[in-house]
Amino acid sequence: MREFGVILAAHGRLASALRASAEMLCGPQRGMETVELDERMGLDEMCAAVAAAAQRLSAYGPLLLLTDLPGGTPDNAALRIACGRAGARLISGVNMPLLCEVSMADGPLDDAMAAALLEAGRLGLRDEADKLARAGKARAVDESEDL
């Protein structure tokens with residue numbers, strides 16, 4: 001069982017969409033909050049929203065903050081909140097492989113957990129050029145058989 005709370009903070013509706021996708025793949029997620037930046041919000045409003053989410057997760061111990069874009073407003077707000085919490089971690093550039101790893105995490109939010117989460121995110125990024133080339137060749141063969 002995951003021994004930490006999670007905040008997903010992102011531009012637009014991305015945080016909610018990521019959570020919904022993670023729940024479709026990994027099941028319901030307790031101890032996870034989403035915070036969404038809309039075009040009317042500034043940094044102060046985003047900080048307040050992230051702080052409120054952190055407060056709701058206080059019973060879950062350490063806090064992992066996941067943001068969509070390094071240096072963006074959600075990331076800057078998460079950084080401000082993380083600086084004030086012992087044991088908090090911030091990972092920017094969240095993707096589905098990383099989020100699925102978080103969703104299925106078992107254990108504390110320590111250096112080993114952070115390394116495993118980052119590795120899952122990195123491994124989830126792939127150049128699929130070889131697959132595209134093979135698929136293109138297979139399609140060419142299939143189409144020539146129709147002649």
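Cysteine 47 has a relative accessibility of 10%, so this residue counts as buried. I start there and work outwards. What you see on the screen is a predicted model.

Cysteine 47 sits in helix H2, where Met46, Val50, Ala53 and Ala54 are buried along with Cys47. These residues lie on the same side of H2, because the arc they cover around the axis is only 125°. The general background is that an α-helix has 3.6 residues a turn, so positions three or four apart point the same way. The opposite face, turned away from the buried side, carries Asp44 and Gln55, which are exposed. H2 itself covers residues 43–56, 14 in number, and its first and last C-alpha atoms are 20 Å apart, close to the 20 Å expected at 1.5 Å a residue.

What do the buried residues of H2 pack against? They pack against three strands, namely E1 (5–11), E2 (32–37) and E3 (63–67), and also against helix H3 (73–83).

Next, the cysteines. How many disulfides does a search of the whole structure find? Zero. Cysteine 26 belongs to none; its nearest cysteine sulfur is that of cysteine 100, 3.7 Å away. The cut-off applied to a pair of sulfurs is 2.5 Å. At 23% relative accessibility, cysteine 26 counts as partly exposed. Why is cysteine 47 not bonded to cysteine 83? Cysteine 83 holds the closest cysteine sulfur, but 10 Å from that of cysteine 47 is too far for a bond.

Now the strands, beginning with E3. All five of its five residues are buried. Leu63, Leu65 and Thr67 are on one side, Leu64 and Leu66 are on the other, and both faces are covered. As a general point, side chains in a regular strand alternate between the two faces of the sheet.

E3 has E1 as a parallel partner, joined by five bridges. Within that pairing, glycine 5 is matched with leucine 63, and alanine 9 stands opposite threonine 67. E3 also pairs with E4, residues 89–92, in the parallel sense over four bridges. There, the bridge partner of threonine 67 is serine 92 in E4. Between these two strands the chain passes from E3 through H3 to E4, a β-α-β crossover that is right-handed.

E1 is mostly covered as well, with six of its seven residues buried. Besides E3, E1 pairs with E2, again in the parallel sense, over six bridges. One of the matched pairs is alanine 10 with glutamate 36 in E2. E1 and E2, together with helix H1 at residues 14–26, make a right-handed β-α-β unit.

I finish with a residue in E2, glutamate 33. Which residues does glutamate 33 touch, not counting those up to four places away in sequence? The contacts are Val6, Ile7, Leu8, Arg19, Ala53, Arg56 and Leu57. Ala53 is one of the buried residues of H2, which brings us back to the helix we began with. For a long-range reference, glutamate 33 and alanine 129 are 96 residues apart in sequence, and their C-alpha atoms are 36 Å apart.

To recap: the buried side of H2 packs against E1, E2, E3 and H3, E1 runs parallel to E3 and pairs in parallel with E2, and there are zero disulfides in the structure.

Definitions and conventions. Residues are numbered from 1 along each chain as its sequence is written. This is a predicted model: local features need pLDDT of at least 70, side-chain atom pairs count only at pLDDT 80 or more; totals for chains, interfaces and linings use all residues. Side-chain values use heavy atoms; hydrogens and water are left out. The expected span of a helix is 1.5 Å times one less than its number of residues. Buried means under 20% relative accessible area, exposed over 50%, partly exposed in between (1.4 Å probe, protein chains only). The arc is that of the directions from the helix axis to the C-beta atoms. Contact means heavy atoms within 4.5 Å. Two strands pair if DSSP finds at least two bridges between them. A crossover is right-handed if, with the strands pointing away from the viewer, the path from the first strand over the helix to the second runs clockwise.
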